[in-house]
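Subject: Structure for you to look at

Dear colleague,

I am handing over the structure we spoke about, and my notes on it follow below. Please read them with the structure open beside you.

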Amino acid sequence: RLMKTCYSMYSNMPTGLAPEIAHLNQEVELKAKDGAKHSLLRPETVESLFVLWRVTKDPLYRRWGWNIFQSLEKYAKVQSGG
């Protein structure tokens, strides 16, 4: 459940990138905090997905990682590539 919540920080956002600060509201929905919708592209969730996939071989973690990668390519890649 913890990894699902971490992934939800990405999947619930329009860009597919996690906000810097998120919170759960009364309806247990993850929402980006006002003024903190930017993403610093922190690697911890993707690293955790990789480890979970390597340990469990569950393709779900691989798909989630791929979804985040595609969002990074679409919204965070710079013209020079890096």
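The notes below go from the overall chain to a helix contact and then to the aromatic rings.

Please keep in mind throughout that this is a predicted model. The protein chain has 3 helices and 2 strands, and along the sequence these elements follow the pattern α-β-β-α-α. Taken along the principal axes, the C-alpha atoms fill a box of roughly 40 × 35 × 15 Å. Of the 82 residues of the protein chain, 24% count as buried, and among contacts between residues at least 6 apart in sequence, 34% join residues at least 24 apart.

Turning to the helix packing, helix α1 (residues 2-11) packs with helix α2 (residues 44-56) at an angle of about 135°, and their axes are 10 Å apart. Because angles over 145 degrees are needed for roughly antiparallel and 65 to 115 degrees for roughly perpendicular, α1 and α2 are therefore oblique to each other. The crossing in which α1 passes α2 is left-handed. On the α1 side the contact is made by M3, C6 and Y10, and on the α2 side by T45, S48, L49 and L52; these residues divide into 5 nonpolar and 2 polar, with no charged residue in the contact of α1 with α2.

The aromatic rings are the other topic, and the structure holds 3 aromatic pairs. One of them is formed by Y7 and W64, which are stacked, with 4.4 Å centre to centre and 5° between the planes. This pair links distant parts of the chain, since Y7 lies in helix α1 and W64 in helix α3 (residues 59-75), 57 residues apart. Y7 has a relative accessible area of 11% and W64 one of 14%; buried means under 20%, so Y7 is buried, and so is W64.

The rings of Y61 and W64 have their centres 6.0 Å apart and their planes at 80°, and the pair is edge-to-face because planes over 60 degrees apart count as such. Y61 and W64 both lie in helix α3, 3 residues apart, which is about one turn of the helix, and both Y61 and W64 are buried. Taken together, Y7, Y61 and W64 form one aromatic cluster, with Y7 in helix α1 and both Y61 and W64 in helix α3.

With best regards

Conventions:
Residues are numbered from 1 along each chain as its sequence is written. This is a predicted model: local features need pLDDT of at least 70, side-chain atom pairs count only at pLDDT 80 or more; totals for chains, interfaces and linings use all residues. Side-chain values use heavy atoms; hydrogens and water are left out. Axes are lines fitted to C-alpha atoms, for helices over the stretch in contact, and angles run from 0 to 180 degrees between N-to-C directions. Helices (H or I, at least four residues) and strands (E, at least two) are DSSP runs, numbered from the N terminus. Angles under 35 degrees count as roughly parallel, over 145 as roughly antiparallel, 65 to 115 as roughly perpendicular and the rest as oblique. A crossing is left-handed if the near helix is turned anticlockwise from the far one by less than a right angle, and right-handed if clockwise. Contact means heavy atoms within 4.5 Å. Ala, Val, Leu, Ile, Met, Phe, Trp, Tyr, Cys and Pro count as nonpolar, Asp, Glu, Lys and Arg as charged, and the others, Gly among them, as polar. Rings of Phe, Tyr and Trp (its six-membered ring) pair if their centres lie within 6.5 Å; planes under 30 degrees apart count as stacked, over 60 as edge-to-face and the rest as tilted. Buried means under 20% relative accessible area, exposed over 50%, partly exposed in between (1.4 Å probe, protein chains only).
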